[in-house]
Structure formats: C-alpha cells, structure tokens
Amino acid sequence: MRPADYRTPTIGIDSAEHVAKLMRLWQGAPGLKGFFSTVDHKEIGKRYIVTAFVFLALGGIEALIMRLQLAGPNLSLLTPEQYNELFSTHGMTMIFLYASPILSGFSNYLWPLLLGSRDMAFPRLNALGYWIYVASGIFLYAGFLTGNGPNDGWFNYVPYASRDYNPGLNEDFYSLGMVFLGISTTVGAANFIVTAFRTRAPGMSINRLPIMVWGTLTASAANLIVVPAVSLAFLMLWMDRQFGTHFFDPSGGGQPLLWQHLFWIFGHPWVYAIVLPAMGMVSDGLPVFCRRPLVGYSFVALSTVATMILGFGVWVHHMFATGLPGMGLSFFSGASIVITVPSAVAVFAWLATIWLGRPVITTAFLFFSSMILLFVIGGVSGFMTASVPVDWQLTDTYFVVAHLHYVLIGINLFPVVGAGYFWFPKMSGRMLDERLGRWNFWTMFLGFNLAFLPMHLTGLFGMPRRVYTYAEGMGWDTLNLITSIGSFVFAIGVLLFFINVAKSWKGGAIAGANPWDAPTLEWSVSSPPPPYNFAIIPTVASRHPLWEQRLDEGGAVSSLDRGMLLDSGKETIGTSALDAEPDMVLEMPGDSLAPLLLALGISILFVGLLLKIWPVTVLGGAVAALALLSWLWPRRELREREPARA
Amino acid sequence: MPEAALAEPRDLPVGPIGRHGIGWWGVGTLVASEAALFAYLLFAYFYTGAAAQPGWLLEPNPSLKLALPNTILLLASSGAAWFGERGVLRYRRSQALLGFGSAFVMGTVFVIVQWYEWHTKAFGLGTSSYASLYFVTTGFHIAHVIVGIAVLAAIFIWTAIDYFSPQRRLTVSAGVLYWHFVDIVWLFVFATYYLTPHLGFGK
C-alpha cells in the first residue's frame, strides 16, 4: 500500500513506551560496524573534537621544537630545511587541521541540541565530512612524516612553491591535500547552512537563534563560496608543477600574484570563519555565567554577518607590499579599518553583559572573559597593520606573527577551551575539575602572554619571521628566550586541559541535565543526551527557553514537555527558513557505510594523483562513483520514490 | 500561568513532496559553491589577460564555427531535460524518458564536439598561460557535463523502472537543476573565451 503523503503529527507527552520506541529507531548498531557507519551528529562531533585536539597537540609540539631552536642566537638544533618544514607544517596543522575542524566539531555536536532537532539536515554528509577530514589529515601528515611536508609557509607563495625551486614531493602533498580537505569543509558548510535554515524547533525564528549558530552559519556561507578559490589555486599549482601549465609562471605569460589573490580571497574570509563561531561560543556561554541574557543580541548577530561581508573585501591587506596600485591599497586599507566596527560591537556587548550581570567566576568564565582582552590586543595590532605605511614597516616581521597568534589563540583556542569546560558536562555527563581548571587557565593565560606579548617588540625591532636562526646582538636575544619560556608554560597549560578531560571523563562529578542553570535547549535534555536528542519536539517562544519563568518577559512560554512525538519512523521536524513554522516531516537516513566508502574512494584517487599512477586514480574514482550511486539511490523509507506498483 | 506556545501543525508533507524538501536546498548549496568555482576560473582569465602583453591571445579571433552550434545544442538539452521533468509531473513516462534521453544524447554530443575542438587547437596545455587557462577552464566544464550526463542517465533509468510520481520526484528536479546549472555556466565560459576577444579583451 502507498503510504500517505501528508500526516498530522501526533501531539503528546513523554512516556516510557515512547522513549523505548525512539530508542529502537535511533540507536546505532553496536561494535565495529556501528563505529564505521554511524551518522549520529553527537558521535561525529566528538570525533571531530578529539581529532582536532590531536592535531593541536602535533602542531604544538612542532612549535615547541621551533622555540627551542630560536631560544638563543645561532643555535643549530634544526637545519634550515627542517625549520622550513616545521613552520609550514605547524601553520597548516593549526589553521586547517585544528582551528576550523574543532569548531565544526563543537557545532556538529551542539547544533541539533541548540536547535531542538534530532540530527543535522544531512547526517550522512556529516559523516562524509569527518572521514574526508581524517583522510586528508593523514594524507598531509604522510607527506610530513616522509620528509615531504609543506616547506614554503602555510600560504605557500610561488615561485618558492614552483617546481624549479622546490622539486620534491613536498608541495604536491600540500597542494593535493588541500584540495582533498576542501571537500570536507565544503560539504560541512552546506550541511550547516541547510540545517540552520530548515531543521529548527518550531518557534525558533531567526531572531531567536543562539549566536553560535549565527557564527557558524555565517562562517559556513563564506566557506561555501571561498573554499573553491583555494582549491582551485592549489590545483593550478599542482598542474604548474606536474603538467607544465603556466598559471603562475611569468616565463609562460602567467601571473605569480594570481596565486596570492586566489589564496587570500579564500584566506581572509577563512580567518573570520575560524573565529566567528568561537566568538559565538563566548556570546552564548559568557551570559550564562553573568546570570543574564546577552546585551544587544540583535547587534551582535548583525555584526557577525557584517564582519563576514566586509571580510570578503579585505584580502589585499595581506598583499600591501606587493607593489599594487595606490588606489587599490587605499580601498582595501579602508575596508580593513572599517571591519573594526562590527568587531567592537561584539566586544562592547560582552563587556556590558559582564557589567550588568552578576558574574560567577568559573573556569569557563575565565576563558570566555579573557578572550575579550586577547581579542582587543589582537584586534588593535590588526588595525595597525591595516594601515598601509605601518604594514610596509611591519610585514614579514614577528609583529605579524604576534598579531596572528593573538587572533587565532585568543579568539579560537581560548573560547574553545572555555567551551570545553562549558559543554563537557553535556557531552560526558561529568564535570571537569574546577580546581585543576584554575591551574589550567592561569598557566595558559600567563604562558600565552609571556610568549606572545614580547613578540610584538621582537617584530618592531625588525626580526623577520621564518628565519631559522638569528645573529647575536640584534636586540632579539632576550625577547626570544622569554618567548620560548612562555611557549613551554603555555604548552603545559594546554596539557593540563587534556589531563583534566582524561581524568574527568570517567571520574568527574556527575553533571545532571543543566549544571550551569543555562537557558538554551541543549540543557533541557539529559547529559549525555539520548541518541534521538529530544523525545518530543520542543516549541520555542523566546531566546532562552529555560529562563522564561524568572525573566518573566510576558507572552507565551516555550513548550518543552508537550509537543510532536514523531515516532512512526526515524523522523524530525522540518521548519520554514525564517519563522520556523513546521512545514514538513523529515525522514532521516539510518546508519550507512556509503560515506566511509566514498571517503575511501576519494583517498585512493588522491594517492593515485600524487604518485601519478593513473590506474589507481581510476580505481579510486570508480569506488567513489559506486559509493555515490548507492548513497543517492532513491529510497522508499526516505520517501524519495514511490513504492513498487503491483 | 502564561500559555504555552505549542506548535500544533495540521497536515504536513511526510518526506519530500515535489521540490519541497531539504534535498532541494542541498543541491542549491552545491550549485552555489560550483558557481563560485567557475567565477574564480574566469577571474583568473581576466586577471591574467588584463595584465598580459599583446599576443597573449593565441587565437585573437576565436572561431565560433564549432562553439556556437555546440552552445545552442547544450541550451537545447536544458530544454529537453525540462521537458522530461514536465513528463514526470504529468504522469507521462514516455515523455519523461524522451526528455531525459535526448538531453543525455545532446550532452554526450557536446562533450564529443568539445573533445574534437580541443584536438583542432594549434596549442597545447603547456604552451602559455592562455592555453593553460583555456584547457583547464573548458576541462572543468567538460568534467561537470560528464557528471551531469551521468546524473541524467541515472534519472533515465530510475524513471524507466517507475520510481517517480509528481509527488515523489525531488531526485529528478534536483538532477535537472544541476543540468541547468551546467548549461548556464557554459554561457559564461563561452562568452569569456569565445566572445570577449571579439570585443577587444586581451588584445
């Protein structure tokens, strides 16, 4: 019989029978098969987070080795070639394999919980994004471990990266690896966009979204549009190197600066993509510890979007020293200066939230609030280099290194560790140790500033970045030693975080559903949440469904205990893009091996391309095509096709 | 006690009905990202061409003899795919098969003609930056056409085994949307490589 096309969802309350039914529908298979085929956003999110922290540790070890080499003048722990590979691999690791995936991890884990949904819009695509991320990370590190890591800096300018000057496989690993990783970023971005617009709890209109959702949504929209620029640039570079094309080669009429344009058209929006979601974590987490809603919600949401829009028009500020015409420089300088306005909006909103709230000093609060300070320091040094003459003086010095570390560690890692303290109880059901947390915070905070605050001076005193050693008596010796000491202190701080997580995963205090007395939907379900997240679909009436009683803003209240049951299949609710009116019942796919198989096929394809063994490439392509076909084959249970007619 | 704002929807579509489904949004994001990719390819052409020395264009007046009919053929295939989709909407399976089948054939002919045109060129991939841009941009497009005809083939087979109805046909509409995209993006590639030299760009 043909199932009905339309149905009125049953409204009801939670019951043991209902939960048992949902459990049967949503629980993944046990064992190895379940591990490889799961599409549960919580599993995938946790994997993203763990993997990204592994890369953080690797990138950190690379940094420490470099800091040993630079601790004093004329040291020879590393050869120049080793140093080149280390600083390039460090940059690649931190920027591409840690900073973005860690945010994808938190967003993957949290989004459906924040949005009152049972999974991401495309669960299988979510799994694919993770597998591709791991596979491309292994691919890139296979290069590094075989002595073929990137060696021209993370932004990899030609002609250094051209074959004439760099004949090894280093740049081929990097180029192909980046194209490979781009697939993961792109499918992830698409998934976030559709999830944000189409799978929210009824009533969660666009002006009730948590700011973190705004942040990741904005970053995803940018990634969707700009990742192709860098994938294309790396593909062109690989072709220049391997097939004799002349995209970047002036002897054949190519343009070396085209590389820089394509790279930074991607690169600068990317910088915002790896901080906006983290700023969102602060915007959502900080108010919980200030015991009041965020001040200026609408302004913060809009400034998030404005930052990104302006962020598309500032890429040339990475290229001020390349001899471009003055008119162009003025435009990009102006745009780069204007971008401080939306950033300042967020800063003042956070400050006002603390000022008007009753702060509870927890470790998470310390991380979130210290981020404001680090953001201001990194923002001001960025504002300085937005000015063309200042940039000409400072570009390629340690001043820029100090700036970018304030931005990336300050606005990415500090909020992320804060988010760890804040949401770990939700993920594990256990609290992180607060006492160890204080040690963790102060070691990281003092170590970080000890390492990077003096580095501004190192840069102002003229030390160029990317040199493997330096001569005595340039005025850099003491500063470098301080930075090296600070970096080790900072590393110990990060290690304390890992220790805290390891210790608390099984042994921490039991958290309960809402240990922080926080206002948003993820805290209305048990810790850790059940596979289906919400037994009934909540209806949301405000930005802070769990604080409505005490805030008493009048009007209707959110309905968390009564709502659509949606238990006649693996289902969740689809809602309209702006107002979040229920508009369809979504049939969700079950566990599937297709994403893993597709990632495997693509991996084989890239290995074939790297080694230029075409049969391997074709084999990989064929595996990928088969996986796609089985994935996209219209399925009856997803209502993608009609049942067979008799 | 304030009232609970409980959403109590009436009849809702279960799964995708018509184009109404999240798969449609998914293909939309794919198209947006792919459109950006082509925009960067064309940016590379204009950026390189704008700063190039005279003589950069290896064919100062590109011949339209093959490219123009081929362009018209590709546009016609979009019409055929649309015609096929209409067939699904009206329970006319033979019309649907005719539409998808002829779009598939026209797409295949387009690839063959492009392939042939590549071989008539006096220059190769490594001749100059112009040549590299030409082959890689049109190559990217051919790759997309090949994916598109594979999609058309799948839709053809699924229609033949009676999978779809006017209600359950998001796969069809999404595939046809992708095909329209592949055709429209060709107009930009065509205008850039075949028409702008006639207007004086790059000379």
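Here are five short exercises with worked solutions on a predicted model.

**Exercise 1. Find how far apart the end C-alpha atoms of helix α16 of chain A are, compare that with the expected span, and see what surrounds the helix.**

Start with the length: α16(A) covers residues 434-460, which is 27 residues. At 1.5 Å a residue, the helix should span 39 Å, and its end C-alpha atoms are 39 Å apart, so the two values agree.

Next, look for buried positions along α16(A). Among them are A:G437, A:F441, A:M444, A:F448, A:F452 and A:H456.

Then ask what covers these buried residues. The cover includes α13 (363-385), α14 (388-394), α15 (398-428) and α17 (477-507) of chain A.

Finally, step just past the helix: A:G462 takes a positive phi of about 100 degrees.

**Exercise 2. Decide whether chain B is a compact globule or more spread out.**

Begin with the elements. Chain B has five helices and one strand, and from the N terminus on they run β-α-α-α-α-α. For its 203 residues the globule rule gives 17 Å, while the radius of gyration is 21 Å, well over that value, so chain B is more spread out than a compact globule.

Now add the outline and the packing. Along the principal axes, the C-alpha atoms of chain B fill a box of roughly 75 × 55 × 25 Å. Of its 203 residues, 38% count as buried. Among contacts in chain B between residues at least 6 apart in sequence, 79% join residues at least 24 apart.

**Exercise 3. Place B:L64 in chain B and classify its exposure.**

First locate the residue: B:L64 lies in the loop between α1 (22-50) and α2 (67-89) of chain B.

Second, count its neighbours. B:L64 has 14 C-beta neighbours inside 10 Å. A residue is buried at 20 or more and exposed at 12 or fewer, so B:L64 counts as partly exposed.

Third, compare sequence and space: B:L64 and B:F190 are 126 residues apart in sequence, and their C-alpha atoms are 9.7 Å apart.

**Exercise 4. Describe how chains A and B meet.**

Count the residues on each side: chain A gives 58 and chain B gives 50. On the chain A side, the elements that each supply at least two residues include α6 (170-198), α7 (211-242) and α8 (256-273). By class, that side has 30 nonpolar, 17 polar and eleven charged residues.

Then turn to the strands. β1(A) pairs with β1 (residues 12-13) of chain B in the antiparallel sense, over two bridges. A:Y6 has B:P13 as its bridge partner in β1(B).

**Exercise 5. Explore the largest nonpolar core, then explain why strand β5 of chain A is called largely enclosed.**

Take the core first. It has 241 residues, of which A:A233, A:L262 and A:F266 touch the most other members. The largest share, 22 residues, comes from α7(A). Leaving out residues up to four places away in sequence, A:F266 touches A:V226, A:V227, A:A229 and A:V230. Another core, of six residues, lies apart from the largest one and includes A:A63 and A:Y83.

Now the strand: five of the five residues of β5(A) (residues 571-575) are buried, so the strand is largely enclosed by the rest of the structure. β5(A) and β6(A) pair in the antiparallel sense over five bridges, with A:E587 in β6(A) as the bridge partner of A:E571. The two strands form a hairpin with six residues between them, and A:A580 in the turn has a positive phi of about 55 degrees.

Technical notes
Residues are numbered from 1 along each chain as its sequence is written. Chains are lettered from A and ligands numbered from 1 in the order in which they are written. This is a predicted model: local features need pLDDT of at least 70, side-chain atom pairs count only at pLDDT 80 or more; totals for chains, interfaces and linings use all residues. Helices (H or I, at least four residues) and strands (E, at least two) are DSSP runs, numbered from the N terminus. The expected span of a helix is 1.5 Å times one less than its number of residues. Two residues are in contact if their C-beta atoms, placed from the backbone, lie within 7 Å. The radius of gyration is taken over C-alpha atoms; the globule rule is 2.2 Å times the number of residues to the power 0.38. Ala, Val, Leu, Ile, Met, Phe, Trp, Tyr, Cys and Pro count as nonpolar, Asp, Glu, Lys and Arg as charged, and the others, Gly among them, as polar. Two strands pair if DSSP finds at least two bridges between them. A nonpolar core is a set of buried Ala, Val, Leu, Ile, Met, Phe, Trp, Tyr and Cys residues joined through C-beta atoms within 7 Å.
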